[in-house]
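Please open the structure in a viewer and keep the selection panel at hand. The tour proceeds by selections, each followed by a description of what is found there.

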Amino acid sequence: MLLIGLFVTISTGCWDRREPELLVFVLSVGFDKEPSGDYKIVAQMFNPLALSQEGSGGGSPGGDKKPSWVVEASGQTPFEARKNLAPMVSRELFWSYTSTVLISEKLAREGIRPIMDLLERERQFRLIARPLVAEGDIKEILASEYPLEGCSGQALLRQLNTGDKMRSIAPVLEMRELINVAAQPGRDLLIAKVKAREVKEDAAGDKEEGVDKIVATQPPIYLGGGAAFCGDRMAGWISDREARGWHWVQGRVRRETLTLVIRPDGEPVSVEIFRVQSQIKPVVKDDQVTMKIKVEVKGRVQDQVSEADLASERKFLLSLEARLATLIKNDIKAALKRAQELDSDFLGFGNAVYRMEPKKWKLLESKWSQVLAQLELDLDVRADVTVAGLIKEPVKMK
Amino acid sequence: MKITKIANRQLLFILFMMRTTVTIAFLPVLTSADAAQDAWVAALFTFLGSAVIVILVAALGAKYPKQTIVEYSTALVSTWPGKVVSAVVLWALFTIAATDVRIYGEVLVTGFLVQTPLAVIIGGMVFVAAVAAWQGIEVIARVADTLFPLFVLMLVLSLGMVVPLVEIRNLQPVMARGLLPVVRGSITPTAIAAQMLVLTMLIPAVTEPNRALATALWALAGSSLVLVVVAVVTVGILGPEQASRSVFPFYVLTRSIEVTEFVQRIEVLPMFAWGFGLFIGIATLIYSLAYGLAQVLGLADYRPLVFPLAALQTTFSVQAYKDVFELLRFFKPRVVGPYILAWFILSLFPLWAAHFIRTVWGSRRQGGSDGQGRVWGQILAVFSFASYRPLCDYQHRLLGSA
Amino acid sequence: MGLWQQLFGKRKARGPKILSLADDLVISEREQKLNTKLSANLTANLNTIVDLFGNSADFTIRHFKAGPDQLPGAVVVLEGLVREDSIKDIQRVVLVDSLKLDLKAAKPKAFYQLIKDRLLPNYDLKELDTFDRLCENLSSGHKLLLFDGVDKALDCGVEGYKSRAIEEPSAETVIRGPREGFVESIRTNTSLIRRRIKTPNLWIESFSLGNLTRTEVNMAYIKGLVSDQLVAEVRSRLERIDIDSVLESGYVEEFIEDDPFTIFPQLARTERPDKVAAGLLEGKVAIFTDGTPFVLITPINLWELLQAPDDYYERASIAAFIRNLRIFAYWVSILLPGSYVAVVNFHHELLPSELALRIAATREGVPFPVVAEVLIMELTFEMLREAGIRLPQAIGSAISIVGALILGEAAIRAGLASPAVIIIVAITAIASFTVPAFDLGISGRLLLFLFIMLGATIGLLGIQLGLLMLLIHLCSLRSFGTPYFVPIGPMVVKDWRDVFIRIWWWGMLKRPHLVGTRDLDRESPGQMPRPESQDEGDDHEDN
């Protein structure tokens, strides 16, 4: 009995057993379209040797291993492209830890449904991956190096998380939310945008003496703005500010810093928003839809270039709050304007009608494009600056 | 056969886990029809429908607290019709067990063990359940006692961790398309409440058979609560469309969320809960099946039947459905509704009729012959067989083309 | 058919084992001798005894002539079982003191009677008249006095042979609690219990087991607390034992347990008198065996094996925490390596990403498959553990250094094992050492290998199926009629107060259910200590 058990367990005949060292984790994947119409896949693989050599001292082979390796392949479908990677890589690719999915602008403009289908259907992919639309060459983004992180796949994920937490200028969604949005009536996709920055080549001879020179490098990737879709095709880019408008409408702002000029001396003050609540209520009158959007914002003063004494002069504070509200309103208006330009309802106004007025939505659904073009906003923004930081007024220079 | 006793509490746990497992498995309120974001309303309807089934099953059993359906059906509608009734019930138990374990096998083959043959997974599960059934209902009940807290803990954990991600707007609009989709959504899960047919075998084993109905209803209420919560959470996170498209919504939900960088990939929790619940369900079903079959055949002990039945179960489970699509098609209300209705028409309706007539007859003239009541019972039974076709037609009309 | 028979048929019984006629005679002769009564002839008696003991080296006869009539007599003892000075004392009494008596030409019988009635008041006297009893008592260390012309032997009792002093049991140490442990002598052991439970209801029944060893086995219980059924059951199971020897309580245990093939101990064994006393007070039965400090307690359940005496002496909250820790550790020690193998081999996608990358990195360059690696490391650890037990304590610690430091470190350095596996093995080992009952801990370690195999065959499904099988087994086990997995399965929520927590002593109102205790009430309720009444308290405030 025991012998049989041992034999079964040790032998490799077991159906699903795979030794982890025969796998390579793909941390980030990019999809592009070849001019021929084939799908191109770019996989960024994690190199375990880069991690293991830290521990095992000097004896390990290979010396300085790069933390990741980027390989590309193409095929008629995304999955075939993925399979075509296999002949080029020594290990079995493993996709469960793929945390970011980059989509090239070209592919996005031609339709991303095939990609979404693959990601949702294939069991190895997780829907916690974040999709991004990349401006510029995907391979360059994936191959870029981050000094702080082991490899750029992880780095990208961290950057997304941090970016979403600190700023609200890129609509970072998980694949799960994205699929949900895509399926909802009256709502179009909005995917965050990443852009590869041109990295200046440093002179190669610097390392000669064994001392790394501290070189100020430009960060390789910028995260901000987004790609608005119409159906599964990308309609156009939206700017950081328009993306922020989307955040206000959705109430998704977690932390965002707004800088505004205030009255007495025309100098700026920075306010960090830390709480946002928003409510949308559609008012439908025949074909004319007005969106009543109520946004409540709480912020704190982070720094003050202006010398205004916010603590004692109530009117300064009120003006600050009023300006804050105006700024937010303008953001939302800008976003709507862009949505109307692109004919992409990424703000989800149609969905609001569907949810609140399901009966009227049935009438409007077919001509929503025209309705959207004439849609009006009724904004009610209430901004409160409640926290002043540790000091109540700027230092008085004598 | 030696009668072993289980407490009503243990019966409650067994029924609760059996019923909740279906919820975790494929959330039929959502996937079987087009209830979409109103799935939780369908869950409430399901509770009402299932309660009717439970009352049908348990109330009759409670009237014959010392007998299984095999015994009292013989008493009610004479020997051969009684055997037919028992055979239908046994067939129902057999089918339910096979289907339950097949769904479990499917999710493992889809999500975890892609290369492993279905028969190995199903065979393993059925074998373990058969071992428990061989040990008897007492052991099954004790294992249920042990697993119940774990089961609930796993459910609470997996639900609790994802609740913050629920977006209420995914549940809107509420009941926008009227009542019909909701009714359609509740038919399959109500039909699956035919699981409760195990009660026909278990009631004599319970210490307080008179309270078995209450026990079953409490189990039903508990599992319906879970059903509502799971429906709300699943739709609230995945969105109605994505959730309805999934084959195993709750599993998809747990694998596609990330609460924090460390709390992700928590699908093990519901999978283990599912496995535990399924085990209890299958073990109880196999036990009831073997016990009932032994009684029908007039055997002294049910044990020799357990492993042959388990082998049969495995084969049937693998062979009955060609692929996952066929399995899913079986759960369309249009298919499963009439099918399960047929079970009830062939088993419980005639028994109720006979019972009713008997009591009426018995009270009208005391000491009147049983024979006359039995004849009337048989006539009513034939009548209820005849009513099957119209009932199915009605159901189809109700369902439209769903 | 013939071939079939030859291949698979049972071999014909060879008939009874043939002994030589002479052997047969010797045996029957000896038996005859044992059953005969003593004769009035001293020399004949002594010859028979010498015959029976076969001139054993420790067999001693002291001849003397006592009384005015110079009546020949002898003291018979087995040397080493009896103190030298007590033999001398008897001789002095018989030889010297008898002269002081008013003995006038007494007949041997009368002389014997006098000595028995008047001269030996300090001794526990008994009269023996068969060689059977005589030999048994001699072997137990009794001193025998024989006189010519008397067909009886005077048994002068036993003073107890040398035994170990009572010391702290090394296998069951406690932080807080009594430091006494049982010893090899059964009377000392029962006395330790008597001293703790002073009710006359503490009854101790005696059995003599082992045809050759004649080991004394005692069954102790508290009459009135214990269920009569249980006592009857234990008694009948003990009486059924027919074996040549009982050297340790393990012999008894294997004869009386419910399920002989399980790896789970169904009787608790302990060296601690306080533990036995606590068991008796819950309505259980204790079985003492002479010659071993290990006492058996029955019936028990799995969770009691995970409890330590400290739990009842330490503060309740601390005890509750430690108890849960131990329960958790027990399951960890069974499931962890198997789950590791399952996850790393089958379910690579289940770990949080950072952790998965780390584990993948540690596996880099390890030449064995994961299962083999884990199995090898676990086996190595088992060997280390066993070696550590068998070696003297001083070397034992050296072994652990070799094992832990040198081997582990070298294995990782050489790339033969991954650090993750070393950590897993270490955690498992630590976890299994938290189990207070050694036999239960070892059962866990056996299961661990099973779970590694299951995990390596079909991944987590295997682990789950194995777990279910384990539960089925545990739920079907019984210890003297009590479900083994109580109070979890069957669920007795009231008894959870002494499983997952240890409720304060003033709250432990009831004895455990389902043991079959006749008297459930342990104490009167409402004894929670309360501070003095409020007004008094106010006086003390901030004076």
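The stops below concern a strand and its partners, an interface between chains, and a set of salt bridges. The coordinates are those of a predicted model.

**Stop 1: strand S4 of chain C**

Select residues 142–147 of chain C, which form strand S4. Are the residues of this strand buried or exposed? Of its 6 residues, 6 are buried. In a regular strand the side chains alternate between the two faces of the sheet. One side of S4(C) carries C:His142, C:Leu144 and C:Leu146, and the other carries C:Lys143, C:Leu145 and C:Phe147. Both faces are covered.

**Stop 2: the strands paired with S4(C)**

Add residues 71–78 of chain C, strand S2, which runs antiparallel to S4(C) and is joined to it by 4 bridges. To locate this pairing, centre the view on C:Ala74, which stands opposite C:Leu146.

Next add residues 153–158 of chain C, strand S5, whose pairing with S4(C) is also antiparallel, over 4 bridges. Here C:Leu145 stands opposite C:Leu154. S4(C) and S5(C) form a hairpin with 5 residues between them. Within the turn, select C:Gly149, where phi is positive, at about 90°.

**Stop 3: the side of chain C that touches chain B**

Display chains B and C together. Contact involves 28 residues of chain C and 37 residues of chain B. The two chains bury about 2700 Å² between them, with 73% of this area on carbon and sulfur atoms. Select C:Gln464, C:Ile472 and C:Met491: they supply 22% of the area that chain C buries against chain B, more than any other three residues.

Which polar features cross this interface? The rule finds 0 salt bridges between chain C and chain B, but 5 residue pairs in polar contact. Helices H14 (353–363) and H18 (438–476) of chain C each supply at least two residues of the side that touches chain B. H18(C) gives the most, with 12 residues. Coloured by class, the residues on this side of chain C divide into 20 nonpolar, 5 polar and 3 charged.

**Stop 4: salt bridges in chain C**

The count over all chains comes to 62 salt bridges; a few from chain C are visited here.

Select C:Arg92 and C:Asp89, whose closest N and O atoms are 2.6 Å apart in a salt bridge. Both residues lie in helix H4 (residues 84–100) of chain C, 3 residues apart, about one turn of the helix. C:Arg92 is partly exposed, at 42% relative accessible area, and C:Asp89 is likewise partly exposed, at 21%.

Move to C:Arg522 and C:Glu282, which meet in a salt bridge at 3.6 Å, N to O. C:Arg522 lies in the loop between S12 and H19 of chain C and C:Glu282 in the loop between H10 and S9, so the pair ties together parts 240 residues apart in sequence. C:Arg522 counts as partly exposed at 22% relative accessibility, whereas C:Glu282 is buried at 10%.

Then select C:Lys284 and C:Glu304, a salt bridge with closest N and O atoms 2.6 Å apart. Because C:Lys284 belongs to the loop between H10 and S9 of chain C and C:Glu304 to helix H11 (residues 302–305), this pair ties together parts 20 residues apart in sequence. C:Lys284 and C:Glu304 are both buried.

For the last selection, take C:Glu378, C:Glu382, C:Arg385, C:Glu386, C:Arg390 and C:Arg445, which salt bridges with shared partners join into one network.

How values were computed
Residues numbered from 1 in each chain as written. Chains lettered and ligands numbered in written order. Predicted model: local features only at pLDDT ≥ 70, side-chain atom pairs only at ≥ 80, totals over all residues. Heavy atoms only, no water. Buried < 20%, exposed > 50% of the residue type's maximum accessible area, 1.4 Å probe, protein only. Pairing = 2+ DSSP bridges. Contact = heavy atoms within 4.5 Å. Buried area = accessible area lost by both parts, 1.4 Å probe. Salt bridge = Lys/Arg side-chain N within 4 Å of Asp/Glu carboxyl O. Polar contact = N/O pair within 3.5 Å; in protein donor to acceptor, adjacent residues only side chain to side chain. Nonpolar A, V, L, I, M, F, W, Y, C, P; charged D, E, K, R; others polar.
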